[in-house]
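Dear colleague,

I am passing on the structure we spoke about, and the notes on what was found in it come after it. Please read them with the coordinates open beside you.

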Amino acid sequence: QVQLVESGGGLVQAGGSLRLSCAASGRSFGSYAMGWFRQAPGKEREFVAAITWSGRGTSLADSVKGRFTISRDNAKSTVYLQMNSLKPEDTAVYYCARSASPYTVEAVTEQEYEHWGQGTQVTVSS
């Protein structure tokens with residue numbers, strides 16, 4: 001059974017930083033790509049960042065490039081999202097997800113993910 005638990009969300013002023021963590025239970029964490037998505041009120045869930053199973057490759061949405069960084073620690077079964085220079089438009093519930101297939105090189109669509117966390121709220125005030 002795979003469980004993903006996000007933490008680190010909260011309220012921050014524009015220009016500030018937050019670091020989200022996603023701790024995974026279950027076996028073979030290091031064999032799967034991991035991703036972060038977000039959903040703002042009244043909007044569709046959107047891709048934010050992804051990291052390959054090895055951690056050697058990352059993908060970022062254009063809206064967060066230069067501000068967000070995704071990383072992982074396979075020994076701790078944890079993936080991180082470092083968010084800097086936050087903007088009010090970054091306000092959303094952030095979800096982490098694990099890819100459906102092992103050894104996925106790039107997974108930027110929801111359909112490529114099978115397991116999802118419960119989400120953590122990030123609110124950026126202006």
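Strands are here taken as DSSP runs of E with at least two residues, and helices as runs of H or I with at least four, with the numbering starting from the N terminus. Read in this way, the elements run β-β-β-β-β-β-β-β-β-β-β from the N terminus on, which is to say that the protein has eleven strands and zero helices. The radius of gyration is 13 Å, close to the 14 Å that the globule rule gives for 126 residues, so the protein is as compact as a globular protein of that length. Please keep in mind throughout that this is a predicted model.

As to overall dimensions, the C-alpha atoms fill a box of roughly 40 × 30 × 25 Å along the principal axes. Of the contacts with a separation of 6 or more, 59% are accounted for by residues 24 or more positions apart. Buried residues make up 44% of the 126 residues, while the protein exposes about 6,400 Å², of which carbon and sulfur atoms supply 45%. For the electrostatics, there are 12 positive and 11 negative charges, and their mean positions are 7 Å apart.

Turning to the interior, the largest nonpolar core has 33 residues, and those that touch the most other members are W36, V48, F68, L81, M83 and Y94. At least two residues of this core are supplied by each of β3 (18-24), β4 (32-39), β5 (46-51), β7 (68-73), β8 (78-83), β9 (92-102) and β11 (120-125), and the largest share, five residues, comes from β5. If neighbours within four places in sequence are left aside, M83 is in contact with G16, S17, L18, L20, R67, F68, Y94 and V122.

Two loop residues may be worth viewing side by side. Is D90, which lies in the loop between β8 and β9, buried or exposed? Its relative accessible area is 1%, and because buried means under 20%, D90 counts as buried. Again without the neighbours within four places in sequence, the contacts of D90 are R38, R67, F68, S85, V122 and V124.

V105, by contrast, is found in the loop between β9 and β10 (113-116), and at 61% relative accessibility V105 counts as exposed, since the cut-off for that class is over 50%. The C-alpha atoms of V105 and S63, which are 42 residues apart along the chain, are separated by 22 Å.

With best regards

Terms used
Residues are numbered from 1 along each chain as its sequence is written. This is a predicted model: local features need pLDDT of at least 70, side-chain atom pairs count only at pLDDT 80 or more; totals for chains, interfaces and linings use all residues. Side-chain values use heavy atoms; hydrogens and water are left out. The radius of gyration is taken over C-alpha atoms; the globule rule is 2.2 Å times the number of residues to the power 0.38. Buried means under 20% relative accessible area, exposed over 50%, partly exposed in between (1.4 Å probe, protein chains only). Contact means heavy atoms within 4.5 Å. Accessible areas come from the Shrake-Rupley method with a 1.4 Å probe; for residues, only the protein chains shown count as cover. Lys and Arg count as positive and Asp and Glu as negative; His and the chain ends are not counted. The place of a charge is taken as NZ of Lys, CZ of Arg, CG of Asp or CD of Glu. A nonpolar core is a set of buried Ala, Val, Leu, Ile, Met, Phe, Trp, Tyr and Cys residues joined through side-chain atoms within 4.5 Å.
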